[in-house]
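Hi everyone, thanks for making time this morning. I'd like to walk you through one structure, so please have a look at it while I talk.

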Amino acid sequence: MRKQYLEAGKFVTTHGIMGELKAYPYCDGPEFLCDFDRFYLDAAGKKELEVVSARVQKNVTLLEIEGIHSIEDARPLINKVFYINRDDVELPEGLHFVQDLIGCAVEDAETHEVYGEIIDVSNNGASDIYEIRKPDGKTVWFPAVEAFLASTNIDAGKVLVRPIGGMFDDED
């Protein structure tokens, strides 16, 4: 079952004296966070924060939050993770939330051999890298690029791949 509220980032410090917060994004970049009118302080969406303004500064998003008018108001939020409601986002075709990819089975598109399941996703700057736990417990890293990805079906919990020799075993 997909989570409705997804981790989006973390408030890391204040900015200036008027209570603005620096938010480190857990997404593709700080620009993504500028598109939201609200964030949530819990995974259930009960504690809502209304965004007054948002802008990018280097690798963080500067946020002005309704009701936060000073450093003293902002300090309790430092080191807090914040969430977005998935209904507030329309991802472009072919993009997925990392939280939805984790736990997906990785299967050969032709033979349907199951190679394992995705346990983490990172990005090396050129592409996403899926960390896959094989059935024997070992982990491998898989470049999530078009040449090797056949399809992703989040609803079925499955990622079909076209690996080359050595990606999941020691063969060439």
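So, let me begin with a question for the room: how many salt bridges does a search of the whole structure find? The search comes back with six salt bridges. Before I go through some of them, please keep in mind that what you see is a predicted model.

A little orientation may help. The protein chain has 172 residues, and 37% of them count as buried. It contains three helices and twelve strands. Along the principal axes, the C-alpha trace spans about 60 × 30 × 30 Å.

Now, back to the salt bridges. As a general reminder, side chains of opposite charge can pair when their charged atoms come close. Let's take Glu20 and Arg55, whose side chains meet at 2.4 Å, N to O. This pair links distant parts of the chain, since Glu20 sits in strand E2 while Arg55 belongs to strand E4, residues 48-57, and the two are 35 residues apart. What about their surroundings? Glu20 has 13% relative accessibility and so counts as buried, whereas Arg55, at 38%, is partly exposed.

Strand E4 comes up again in the next pair. Arg38 and Glu48 form a salt bridge with 3.4 Å from N to O. Arg38 is part of strand E3, residues 38-40, and Glu48 is part of strand E4, so this bridge ties together parts ten residues apart in sequence. Both ends are partly exposed: Arg38 has a relative accessibility of 28%, and Glu48 has 45%.

Moving further along the chain, which residue does Glu107 form a salt bridge with? The partner is Lys158, and the closest N and O atoms are 3.6 Å apart. Glu107 lies in strand E7, residues 105-108, and Lys158 in strand E12, residues 158-161, so here the bridge ties together parts that are 51 residues apart in sequence. Glu107 is buried, with a relative accessible area of just 8%, while Lys158 is partly exposed at 31%. There is also a network: Arg2, Arg86, Asp100 and Asp155 are joined by salt bridges that share partners.

Let's turn to charges and nonpolar groups on the surface. A patch of negative charge gathers Asp37, Glu50, Glu64, Glu66, Asp87 and Asp88. One of these, Asp87, is in the loop that runs between strand E6 (81-85) and helix H3 (98-101). Is Asp87 buried or exposed? With a relative accessible area of 59%, Asp87 is exposed.

The surface also carries a nonpolar patch, made of Val12, Tyr24 and Tyr26, with about 260 Å² of accessible area together. Tyr26 is in the loop between strand E2 (20-25) and helix H1 (30-33). Its relative accessibility is 37%, which puts Tyr26 in the partly exposed class.

Next, the aromatic side chains. Over the whole structure, the search finds nine aromatic pairs. One of them joins Phe142 and Phe148 in an edge-to-face arrangement, with 6.1 Å centre to centre and 65 degrees between the planes. The edge-to-face label applies because 65 degrees is over the cut-off of 60. Both of these rings belong to buried residues: Phe142 has 1% relative accessibility, and Phe148 has 17%. Elsewhere, Phe11, Phe32, Phe36, Phe39 and Phe82 are linked into a cluster by ring pairs.

I'd also like to show you two backbone details, since I know some of you will be checking torsions. Lys58 is not a glycine, yet it has a positive phi of about 55 degrees. Where does Lys58 lie? It is in the loop between E4 and strand E5 (60-65), and it is exposed, with a relative accessible area of 78%. His112 also has a positive phi, near 65 degrees. His112 is in the loop between E7 and E8 and is partly exposed at 47%.

Finally, one distance for anyone who likes to check coordinates. Asp120 is in strand E8, residues 114-123, and is partly exposed with 36% relative accessibility. The C-alpha atoms of Asp120 and Phe168 are separated by 16 Å, with their positions 48 residues apart along the chain.

That's my tour, and I'm happy to go back to any part of it.

Methods: Residues are numbered from 1 along each chain as its sequence is written. This is a predicted model: local features need pLDDT of at least 70, side-chain atom pairs count only at pLDDT 80 or more; totals for chains, interfaces and linings use all residues. Side-chain values use heavy atoms; hydrogens and water are left out. Rings of Phe, Tyr and Trp (its six-membered ring) pair if their centres lie within 6.5 Å; planes under 30 degrees apart count as stacked, over 60 as edge-to-face and the rest as tilted. Buried means under 20% relative accessible area, exposed over 50%, partly exposed in between (1.4 Å probe, protein chains only). Patches are made of residues with over 30% relative accessible area and no salt bridge: like charges are joined within 9 Å, nonpolar side chains (Val, Leu, Ile, Met, Phe, Trp, Tyr) within 5 Å. Accessible areas come from the Shrake-Rupley method with a 1.4 Å probe; for residues, only the protein chains shown count as cover. A salt bridge is a side-chain nitrogen of Lys or Arg within 4 Å of a carboxyl oxygen of Asp or Glu. Lys and Arg count as positive and Asp and Glu as negative; His and the chain ends are not counted. The place of a charge is taken as NZ of Lys, CZ of Arg, CG of Asp or CD of Glu. Helices (H or I, at least four residues) and strands (E, at least two) are DSSP runs, numbered from the N terminus.
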